Amino acid sequence: EKSFKSYKVELKLKMKIFNSNIKKAFASFCLITSLFVTSESATAFPIYAQQAYANPREANGRIACANCHLAQKPVEIETPQAVLPNSIFEAVVKIPYDLSSKQVLASGAKGGLNVGAVVILPEGFKLAPAKDIPEEVKKKNKGVYISPYSTKAENILVVGPIAGDKHQEIIFPVVTPDPATDSTM
C-alpha cells in the first residue's frame with residue numbers, strides 16, 4: 001500500500017510539472033503570437049503605414065492603413081469646390097464613431113479609440129507652411145501633428161494616432177500650387 005501511495009504522489013508531482021510546462025509553453029506561444037498579431041495591426045495607424053508602404057494606396061485602391069478598427073466606418077470630407085492658385089484652404093475630415101467604443105490601452109485598461117487619417121491630394125497641393133496657417137485653425141488643431149507622407153509625396157498628408165474622443169474632426173490646412181512658379185501645373 002505504501003508503494004501505491006508513493007506512486008500516486010509521484011504521479012501527481014509529475015502531472016503538476018507536466019501541466020506547468022504545458023502552461024509555460026502555451027504562454028510562450030500566446031506571447032509570440034500576440035507579438036506578430038499586434039505588430040501587424042500596428043501598421044494600421046497612418047503614421048506606421050508610412051514605414052511599411054512607399055505609397056499608401058494599395059493596388060486595389062484601398063488606403064494601406066485602412067486595416068484598423070474604423071476601416072469600415074464612413075468618414076466625411078469637406079473641401080471647397082474651387083480654389084485660387086497659391087492660396088490656403090481647409091480640408092476637413094470628420095471621423096464620426098460611437099464614443100462608447102473602447103480599445104485596450106498599453107496599461108491593459110480600456111480607453112477611448114485612437115484615430116488617424118491619410119489625405120491624398122492632387123499633385124502640387126501640399127500642407128500649408130506653419131507660418132501661413134491662420135491662428136483659428138492652429139487652435140482647432142492643437143495637439144494634432146500633420147505631416148507629408150514622405151519627401152517624395154508632399155501631396156499625401158498623414159496624421160495619427162491621436163485621441164479620437166478629442167479629435168472627431170481634423171482640419172488639414174492645404175496650400176494650392178502656383179502655376180506662375182511651377183510650369184508643370
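## Salt bridges, strand pairing and two loop residues

Glu-136 is exposed, because its relative accessibility is 53%. The model behind this value is predicted. Glu-136 is also one half of a salt bridge: its side chain meets that of Lys-140, with N and O 3.3 Å apart. Both residues sit in helix 3, four residues apart, so about one helical turn separates them. Lys-140 is partly exposed, at a relative accessible area of 45%.

**Salt bridges**

How many salt bridges does a search of the whole structure find? The count is four. Three of them are described here, including the Lys-140 and Glu-136 pair.

A second bridge joins the side chains of Glu-135 and Lys-138, at 3.7 Å from N to O. This pair also belongs to helix 3, which covers residues 135-140. The two residues are three apart, so about one helical turn lies between them. Glu-135 is exposed, with a relative accessible area of 53%. Lys-138 is partly exposed, at 36%.

Another bridge pairs Glu-78 with Lys-94, and its closest N and O atoms are 2.8 Å apart. Glu-78 is in strand 1 (residues 76-78) and Lys-94 is in strand 2 (residues 88-94), so this bridge ties together parts 16 residues apart in sequence. Glu-78 is partly exposed, with a relative accessible area of 39%. Lys-94 is partly exposed too, at 23%.

| Salt bridge | N to O distance | Citation |
|---|---|---|
| Glu-78 and Lys-94 | 2.8 Å | |
| Glu-135 and Lys-138 | 3.7 Å | |
| Lys-140 and Glu-136 | 3.3 Å | |

**The four-stranded sheet**

Strands 1 and 2 also pair through the backbone. They run antiparallel and are joined by three bridges. Among the partners, Glu-78 is matched with Val-92 in strand 2. Ile-77 is matched with Val-93 of that strand. Glu-78 therefore has Val-92 as its bridge partner, while its salt bridge goes to Lys-94, in a pair that ties strand 1 to strand 2.

Strand 2 has another neighbour. Seven bridges join it to strand 9 (residues 169-175), and this pairing is antiparallel. Here Lys-94 stands opposite Glu-169 of strand 9.

In what order do the strands of the open sheet run? The order is 1-2-9-6, with four strands and antiparallel pairing. Strand 1 and strand 6 (126-127) are at the edges, with a single partner strand each, so one side of each has no neighbour in the sheet.

**The aromatic pair**

The whole structure yields one aromatic pair. The ring centres of Phe-89 and Phe-125 are 6.2 Å apart and the planes are at 75 degrees, so the pair is edge-to-face. It links distant parts of the chain, 36 residues apart. Phe-89 is in strand 2, and Phe-125 is in the loop between strand 5 (114-120) and strand 6. Are these rings on buried or exposed residues? Phe-89 is buried, at 12% relative accessibility. Phe-125 is buried as well, at 17%. The cut-off that decides this is 20%, because buried means a relative accessible area under that value.

**Asn-155**

Phe-125 has a further contact, with Asn-155. Asn-155 is in the loop between strand 7 (147-148) and strand 8 (156-163). It is buried, with 9% relative accessibility. Beyond its neighbours within four places in sequence, Asn-155 also touches Val-119, Ile-120, Leu-121, Pro-122 and Glu-123. What does the side chain of Asn-155 meet at Leu-121? A polar atom of that side chain lies 2.7 Å from the backbone oxygen of Leu-121.

**Gln-168**

Gln-168 is in the loop between strand 8 and strand 9. At 27% relative accessibility, Gln-168 is partly exposed. Leaving out residues up to four places away in sequence, its contacts are Val-93, Lys-94, Ile-95, Pro-96, Tyr-97 and Leu-99. One of these, Lys-94, is the salt-bridge partner of Glu-78. Another, Val-93, is the bridge partner of Ile-77.

The side chain of Gln-168 reaches the backbone oxygen of Tyr-97 at 3.3 Å. Gln-168 and Val-75 are 93 residues apart along the chain, and their C-alpha atoms are separated by 9.8 Å.

How values were computed:
Residues numbered from 1 in each chain as written. Predicted model: local features only at pLDDT ≥ 70, side-chain atom pairs only at ≥ 80, totals over all residues. Heavy atoms only, no water. Buried < 20%, exposed > 50% of the residue type's maximum accessible area, 1.4 Å probe, protein only. Polar contact = N/O pair within 3.5 Å; in protein donor to acceptor, adjacent residues only side chain to side chain. Contact = heavy atoms within 4.5 Å. Pairing = 2+ DSSP bridges. Phe/Tyr/Trp six-rings, centres within 6.5 Å; stacked < 30°, edge-to-face > 60°.
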